[in-house]
Amino acid sequence: MTVTTTNIPSTTKASNGIKGDVSQEITAPVRAHWMRRLLRDRAAFLALLTLTIVILGAIFAPMLATHDPASNSRSVMTPPAWMAMGKAEHWLGTDGQGRDIYSRLLYGARLTLLIGFLAVGLGGFFGSLLGLLSAFNEKIDPWIMRTMDVLLSFPAILLALALVAVMGQGIVPIVIALGISSIPDCARVARGIAIGVMKQEFIEAGRAVGLSNLQLFNRYLVRNAISSIMIFISLRFGQTILIGATLSFLGLGARPPASELGMMASQGRDFLLFAPHIAVIPSILIFIIVLSANVAGDALRDVLDPRLQA
Amino acid sequence: MTLTPLKRTGFGVAAAFALALPAAAQELTIIRAQDSNHYDPPRTTAQSGAEIIFMMSDTIVGLAEDMKTIEPLLASSWDVSDDALTYTFKIRDDVSFCDGKAMTAEDVAWSLNRWQDPETKSPVRWRMGDVKSITALDATTVVYELNAPHSELLYQLAQSFGSIIDKDTFEALGKDFGVTGFNGTGPFCWESWTPRDKVVLTRHEAYNWGPANYENAGPAQVEKVTWQIVPEAATRTVALLTGQGDISPYVPFIGYSTLRASPNIKVIKSENAFWTNYMGFKITKDLVGDVKVRQAINLAVNQEAMAEDLFFGEVEPAYSYVSSGALDYDTSLDDSLLKYDPERAAALLDEAGWILNSDGKREKDGKVMEPLTITFTGEWQQTSEAVQADLLKVGIELQIEPMDSTVYWGKSATDEFEMYVMGYPYISAGDALNLYFRSANIPTPNRMNWSDPETDELLVTGSQATNETDRAAAYAKVMQKVHDSAVWLPIYHRPMQIGYSTKLAPFVAHNIYGAGLYKGLQLAFTE
Amino acid sequence: MISAVLHRLALSVPVLLGVLLFGFLLVQIVPGDPAMVVAGPTATADVVAAIREEMGLDRPVLVQFWSYLQRMAVGDLGRSMISNKSVTAELGAAIWPTLELMVGAMIWSVPVGVAMGTLAAVVRGSFIDRSIMAMSVAGVSLPIFFISLMAIQFLGVKWQIFPFIGRPGPWYTAEGFMALFLPALSLGLILIGPVARMTRSSVLEVLKLDHVRTARAKGLSETRVILAHGLRNALIPVVTLIGLQVGYLLGGAVVTETIFSWPGLGRLAVGAIMSSDFTVAQGTIMIFALGFITVNLVVDILYSLLDPRVRK
């Protein structure tokens, strides 16, 4: 168990040869350099760089955009500037309503990333909470796990469809649906990790010393499990963005005239034969974001806990 | 040599590589976008239901492509009494159902009585007029008696709702009629229906009683027809181009120019296109209660630019509520129509007390002009967004709430919005006016909440008129009234356009209720 | 093993009940109005009310729930509120195309994925390994709709090799097979990546294990070592992964079925939820849950077959 905490009480130092103890010695130097190791991996570096660029682009969209993403113009379906009939004014072209694609991409990335962060955050938080509680309290454990099973029976997309049907179109039902879909996996992982941690001697030692359940929970469980849970969350980020974009593609999600990348791709469907760039460009951006997230997430996991390698 | 399954598949694959298989020349594939709920004539009001019902069954009278001439169909002739209360139809004696059974006046009377039976819960019962009785005097005579004249009865009887079906089959299938089976007298017979996927029809060999205006009165010239659902608009265009479909009346506007440019495809257009898309106002709501505001909104929207940009020039920008070619359209209306004039719009808003505030939005008594419109997702969403952009230029901030169609229907009957979108087919001005402007039809389909006793009176006069002049005069007055009150924002009139493969013989497009292929008798492969 | 399976089955029952309840509750709060859908836009309010009464929608929720349970108990899934077609018939017609699609997707993507993963593990660290891993990550990052649209654009429209509209027939007919090709190809592509990665890592794990080293020491060729000893154990987590991926595949099937007009369960579910067709929506949710439970069960069984430690 890779544990990146240094707050283990001195009572455990006496017990040599125990996994917790050994990993404590190993992780101290690893922890200090994990950031450097991460950046040394070229692929991960590129991925993080790309993600940072996209995130910055999204944050500074109002300043970077050349047009109002919602304003129509009469130059519809203009191809990108490097193609015949392209215009310098719209370097990535315009969509079916004459709206500038580059500007819409910036604002669209905002929404897409926002949905991803919120959903993963939501799912990760509640999932971890449930998982940790479940591991810690044997009475409610089977109930929580059965509920997780029920949730797992629903493919995320169908859950989102049903929620949108109930709550109407918008970002909120998408975020909730994606968050809920992430909960079972997060809960399971958190529970598994927590159980592993709990088996370790310092928990018993802590109990022996007389610490209450809550104190144990706070001091050891949460801290020890956090890094692994974070790895898991970072791995889910890419997946969540993808499903979010797919849901927007199916027609759920943000309301017009807002642009979300999946929705832009969907609007471009009708023009695929005549102006493919309208659907292709946002799809490629989705691909870039998800790819970077996945590569970075993989690298993060490799660096923080090589034994989790899959 | 016996073919092992593998070899058979191999040969099959090789054969399928030639996508155009000549052996299937007798099978026609028609591509469309939506399915109907089911195929029970009096209960199905969807265009996607009508187009199939016209092929599978017949009505007492038919309608010619000019949308004005009534043609004999199941009735070879008819008489109207002087007081216009009694219609006597002479029914043909050589008609049979798909299962071979002979059709008589009994079946006609039964089907029509079923249509008007409250138990059937037909949403379009009102089209029959104020019926006193419908009886079959003998095997070839049906008497249709009214309590009050119905000036457009024959037009309504030509619609798919009045299709004649077999009573025995209906009683045998019950709820499954129009779902798992059907028995009509049409040029094609029901073979199967996979909901949301396809309907398969086969030729009715005995058919030879087609409408009198058709060159070919039957039987049909193709053996099998498959109506295939393709929800993706671009895919429908491509389906025609790649030969996976032979005909489609459902090509997206952007596709027509490509189709016309293709040597394998022809596009025909019917000028008698009576399908209008519009946005309606809930005139009982504060924000749009003032007629000046509604007029201003009409003036601020540039329908012509929308027709060019959004609809690729394939539609006619609409300023009137019905197309100018429709029966009883009054041309004196043209002078008062509200066209694109944003300056006048701004002036009207000022007059109405809605002044531009510091944010560039119209404000009055502390309220900002932010009307809400509900709309369908898809093409209507784009249209709403274009209207939104136009209105922004005069300081009105239109809010848009798109929703899926079935949620939309429920919502549109409430009062929780200022504007809504709608498109509809009609055969005449009277048809349209009676549908939407009767106060009895509030809250739906009269979603504007238009309630005016004079309108109601005039509509009754028109629908009970015994001659064309009176009818036209009454309807003209109603049209002037509602146009003056600017209860709608018309967007476009949609022509009927059909793309079809050059493998088919040329034909003329129909326009009845949007069913461009009508009975399908003119569809044939050229060899 | 039998007891383990029975135990699993027993645990599935409350799960199924939970799904049933969830399904009923979910479609009850849908704001759509099937009565208006059936009546159409030109109906007057009184007709709509009459139709609503006919559909039983005006009864109190508890009454509706009770009749729902009664019907479920005898396996009567009711009729579609929109088309009046029997739900069982609709589901029956839609299951087969979806199965064809999912099996079609898995039948090529799983072997390919396993092969790629194994290859990558064997030549670990080489260029081939890195390329395969790069392709896997890329495959997992591509949006499903994009893959489908590109497949149509190139293989369907430009080069006109395959049809892509609807399902003309079952997979064993010529036209059916050709029509299945593109959708199965698109859907399978999303599975290759995870399968390859999982295979690679578990093969690597296994190659380090004692009994494999023993086999090597005995002088067996590397290939035999991998195939006979390594692969079997390596496949355990892969089998689990496939089980988990079925749900994701189903979600992907929804998009694929929409784009290719493929008349399967995914499209049926979307259409039903969107059109407030309560009965069909409930039916499809039940089928998905049943399917998922079944897949999990099968995965458990396979797991116990493959892993001798689990067997009694």
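Colleague: Let's start with Cys189(B): buried or exposed?
Modeller: First, a heads-up that this is a predicted model, where local features need pLDDT of at least 70, side-chain atom pairs count only at pLDDT 80 or more, and totals for chains, interfaces and linings use all residues, while side-chain values use heavy atoms and leave out hydrogens and water. Residues are numbered from 1 along each chain as its sequence is written, with chains lettered from A and ligands numbered from 1 in the order in which they are written. Buried means under 20% relative accessible area, exposed means over 50%, and partly exposed is in between (1.4 Å probe, protein chains only). Cys189(B) has a relative accessible area of 10%, so Cys189(B) is buried.

Colleague: Which residue forms a disulfide with Cys189(B)?
Modeller: A disulfide is a pair of cysteine sulfur atoms within 2.5 Å, and over all chains the count comes to one. In that pair the sulfur atoms are 1.9 Å apart. The partner of Cys189(B) is Cys98(B).

Colleague: How many residues apart are Cys98(B) and Cys189(B)?
Modeller: Helices (H or I, at least four residues) and strands (E, at least two) are DSSP runs, numbered from the N terminus. Cys98(B) is in the loop between β5 (86–91) and α3 (105–116) of chain B, while Cys189(B) is in strand β8 (residues 188–194) of chain B. The pair links distant parts of the chain, and the separation is 91 residues.

Colleague: What class of accessibility does Cys98(B) count as?
Modeller: Its partner Cys189(B) is buried at 10%. Cys98(B) has 26% relative accessibility, so Cys98(B) counts as partly exposed.

Colleague: And the link of Cys98(B) and Cys189(B), left-handed or right-handed?
Modeller: For this you look at the angle about the S-S bond, which is -90° here. With that value, the link of Cys98(B) and Cys189(B) is left-handed.

Colleague: Moving along chain B, where is Pro443(B)?
Modeller: You can spot Pro443(B) by its peptide bond: the one from Ile442(B) is cis, with omega near 0°. The place of Pro443(B) is in the loop between α13 (429–436) and α14 (453–463) of chain B.

Colleague: What is the phi of Phe312(B), about?
Modeller: Phe312(B) is in the loop between α9 (303–309) and β14 (316–317) of chain B. At 25% relative accessibility, Phe312(B) counts as partly exposed. Phe312(B) is not a glycine, yet its phi is positive, at about 50°.

Colleague: How about Ser261(C): buried or exposed?
Modeller: Ser261(C) lies in the loop between α10 (222–259) and α11 (265–274) of chain C. Ser261(C) also has a positive phi, about 55°, although it is not a glycine. Its relative accessible area is 0%, so Ser261(C) is buried.

Colleague: Over in chain A, which residue has the backbone oxygen that the side chain of Ser259(A) reaches at 3.1 Å?
Modeller: A polar contact is a pair of N or O atoms within 3.5 Å; within protein, one must be able to donate a hydrogen and the other to accept it, and residues adjacent in sequence count only if both atoms are side-chain atoms. Ser259(A) is in the loop between α9 (213–250) and α10 (261–268) of chain A, and is buried at 4%. Its side chain reaches the backbone nitrogen of Gly108(A) at 3.4 Å. The backbone oxygen at 3.1 Å belongs to Arg104(A).

Colleague: How many residues of chain C are in contact with chain B?
Modeller: Contact means heavy atoms within 4.5 Å. On one side you have 45 residues of chain B. On the side of chain C, the count is 46.

Colleague: What area is buried between chain B and chain C, about?
Modeller: Buried area is the accessible area (1.4 Å probe) that two parts lose on being put together, summed over both. Carbon and sulfur atoms give 61% of the area here. The total is about 4,100 Å².

Colleague: How many salt bridges does the rule find across the interface of chain B and chain C?
Modeller: A salt bridge is a side-chain nitrogen of Lys or Arg within 4 Å of a carboxyl oxygen of Asp or Glu. Across this interface the rule does find three residue pairs in polar contact (both at pLDDT 80 or more). For salt bridges, the count is zero.

Colleague: Last one: how many strands has chain C?
Modeller: From the N terminus on, the elements of chain C run α-α-α-α-α-α-α-α-α-α-α-α. Buried residues make up 56% of its 312 residues. Chain C has twelve helices, and its number of strands is zero.
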